[in-house]
Amino acid sequence: MSRRTIYNNLAERLGLSESRLLPRIFKELAAPFEATLLLALPATPGELANKFGLNEDRINKILDGLMVKGLAIPLVKEGVYKYFMVRNALQLHDSSLQFDASEKVIDLWREFRGSEWYDICKELRKLPMPGM
């Protein structure tokens with residue numbers, strides 16, 4: 001039995017617990033603490049600062065970095081500014097390739113598209129697409 005990592009947990013959060021490549025993509029995009037922070041979303045910067053014992057400025061810098069990497073999305077929901085984790089592999093794919101993706105990330109996405117993407121897209125078509 002393989003050992004589960006925080007990156008497997010992120011893939012599972014996207015409904016893709018069986019993916020062998022998505023955890024590797026997450027690992028390239030997020031340091032372990034960043035991955036932990038993603039799993040705590042949705043949340044406000046203040047909620048995350050309290051939960052992790054860091055000041056809000058530090059949390060905001062980390063969240064800004066996660067946003068640039070395409071992992072987190074800031075939204076005003078119910079009048080409150082919160083960050084949300086991307087909702088599915090398609091959103092992660094598109095958002096993570098927007099800004100200065102490393103060659104390693106690009107190569108992993110190429111491999112993903114060539115091996116896992118088609119089956120995932122078939123499954124995604126079956127799911128309702130909830131609003132944020």
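Select Y83 to begin. At 2% relative accessibility, Y83 is buried. The model you have open is a predicted one. Now add Y81 to the selection. Y81 is partly exposed, and its relative accessible area is 43%. How are the planes of Y81 and Y83 placed, edge-to-face or stacked? They are edge-to-face, with 90° between the planes and 5.7 Å from centre to centre. This pair is one of 4 aromatic pairs in the structure.

**Stop 2: three rings**

Go to F112 and W117. Their ring centres are 5.6 Å apart and their planes stand at 70°, so this pair is edge-to-face. The cut-off used here is over 60 degrees between planes. F112 and W117 are both buried. Add W109 to the view. Ring pairs join W109, F112 and W117 into a cluster.

**Stop 3: helices α6 and α7**

Keep W109 and F112 on screen. Both belong to the part of α7 that meets α6. Select residues 89-96 for α6 and residues 103-115 for α7. The two helices pack at an angle of about 145°, and their axes are 11 Å apart. Which way do α6 and α7 cross? The crossing is left-handed. Show the side chains next. From α6, pick A89, L92, H93 and S96. From α7, pick W109, F112 and R113. Colour them by class, and you should find 4 nonpolar, 2 polar and 1 charged residues in this contact.

**Stop 4: S96**

Zoom in on S96, in helix α6. Is S96 buried or exposed? S96 is buried, with a relative accessible area of 1%. What does S96 touch, apart from its neighbours within four places in sequence? The contacts are L29, K69, G70, A101 and W109. Now draw a distance from S96 to A72, C-alpha to C-alpha. It should read 9.8 Å, for two residues 24 apart in sequence.

**Stop 5: the loop after α6**

Move on to D100. This residue sits in the loop between α6 and α7. D100 is exposed, with a relative accessible area of 82%. Check its backbone too. Phi of D100 is near 40°, a positive value, and the residue is not glycine.

**Stop 6: helices α3 and α5**

Clear the view. Select residues 32-39 for α3 and residues 56-68 for α5. These helices pack at an angle of about 90°, with 11 Å between their axes. That angle makes α3 roughly perpendicular to α5. Which residues of α3 and α5 meet? On the α3 side they are F33, E34, L37 and L38. On the α5 side they are I59, I62, L63 and L66. By class, this contact holds 7 nonpolar residues, no polar ones and 1 charged one.

**Stop 7: L63**

Stay in α5 and centre on L63. L63 is buried, and its relative accessible area is 0%. Leave out residues up to four places away in sequence. L63 then touches L37, L41, P45, L48 and Y83. That brings back Y83, the buried residue from the start. For a distance, pick A11. L63 and A11 lie 52 residues apart along the chain, and 19 Å separates their C-alpha atoms.

**Stop 8: a cis bond**

L41 was among the contacts of L63. Select L41 together with P42. The peptide bond from L41 to P42 is cis, with omega near 5°. P42 lies in the loop between α3 and α4, and α4 covers residues 45-52.

**Stop 9: helices α1 and α3**

Bring back α3 and add residues 6-13, which form α1. What is the angle between α1 and α3? Their axes cross at roughly 30° and come within 10 Å. The two helices are therefore roughly parallel to each other. Angles under 35 degrees count as roughly parallel. The crossing of α1 and α3 is left-handed. Finish with the side chains. I6, Y7, N9, L10 and R13 come from α1. They meet P32, A35, T36, L38 and L39 in α3. This contact divides into 7 nonpolar, 2 polar and 1 charged residues. You have seen L38 before, since it also takes part where α3 meets α5.

Technical notes:
Residues are numbered from 1 along each chain as its sequence is written. This is a predicted model: local features need pLDDT of at least 70, side-chain atom pairs count only at pLDDT 80 or more; totals for chains, interfaces and linings use all residues. Side-chain values use heavy atoms; hydrogens and water are left out. Axes are lines fitted to C-alpha atoms, for helices over the stretch in contact, and angles run from 0 to 180 degrees between N-to-C directions. Helices (H or I, at least four residues) and strands (E, at least two) are DSSP runs, numbered from the N terminus. Angles under 35 degrees count as roughly parallel, over 145 as roughly antiparallel, 65 to 115 as roughly perpendicular and the rest as oblique. Contact means heavy atoms within 4.5 Å. Ala, Val, Leu, Ile, Met, Phe, Trp, Tyr, Cys and Pro count as nonpolar, Asp, Glu, Lys and Arg as charged, and the others, Gly among them, as polar. Rings of Phe, Tyr and Trp (its six-membered ring) pair if their centres lie within 6.5 Å; planes under 30 degrees apart count as stacked, over 60 as edge-to-face and the rest as tilted. Buried means under 20% relative accessible area, exposed over 50%, partly exposed in between (1.4 Å probe, protein chains only). A crossing is left-handed if the near helix is turned anticlockwise from the far one by less than a right angle, and right-handed if clockwise.
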